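I opened the model to look up its surface patches, its helices and its aromatic pairs, and I keep the entries here in the order in which I made them.

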Amino acid sequence: MSVLDNFEQWKDFLSERLQQAQQQGLTQQVISDVAYQIGDYLAKHVDPRNPEERVLADLWSVADEKEQHALANMMVKLVQQK
């Protein structure tokens, strides 16, 4: 089972990676840029596997680049609150 199959597992995975990035001293800007790159990659190459990912993919597809950055930043905030 892939972490992308279950949205809670995906959030847990992102949270762990975020903690690792922070422990390694990455700045919030670098984390934000990486989150955007991950979102862009997923939108272009990975089919959504659950309803939450479908919503994110749909939002990403209608957003301009600034909005996509905002969406990526919101995902970072979401997993930071765990």
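I began at the surface, where Leu26, Val30, Val34 and Ile38 make a nonpolar patch of about 260 Å²; such a patch joins nonpolar side chains (Val, Leu, Ile, Met, Phe, Trp, Tyr) within 5 Å, from residues with over 30% relative accessible area and no salt bridge, that is, no side-chain nitrogen of Lys or Arg within 4 Å of a carboxyl oxygen of Asp or Glu. Areas are Shrake-Rupley values with a 1.4 Å probe, and for residues only the protein chains shown count as cover.

I note that this is a predicted model, with local features needing pLDDT of at least 70 and side-chain atom pairs pLDDT 80 or more, while totals for chains, interfaces and linings use all residues. Residues are numbered from 1 along each chain as its sequence is written, and side-chain values use heavy atoms, without hydrogens and water.

I then placed Leu26 in the loop between helix H1 (7–23) and helix H2 (28–45), helices being DSSP runs (H or I, at least four residues) numbered from the N terminus. Leu26 counts as partly exposed because its relative accessibility is 37%, between the limits for buried (under 20%) and exposed (over 50%).

Turning to H2, I found its buried residues to be Ile31, Ser32, Ala35, Tyr36, Gly39 and Asp40; their cover includes H1, helix H3 (51–62) and helix H4 (65–80), by contacts of heavy atoms within 4.5 Å.

Last, I checked Trp10, which counts as buried at 10% relative accessibility, and Phe13, which is partly exposed at 29%; the two are three residues apart in helix H1, and therefore separated by about one helical turn.

Technical notes
Patches are made of residues with over 30% relative accessible area and no salt bridge: like charges are joined within 9 Å, nonpolar side chains (Val, Leu, Ile, Met, Phe, Trp, Tyr) within 5 Å. Buried means under 20% relative accessible area, exposed over 50%, partly exposed in between (1.4 Å probe, protein chains only).
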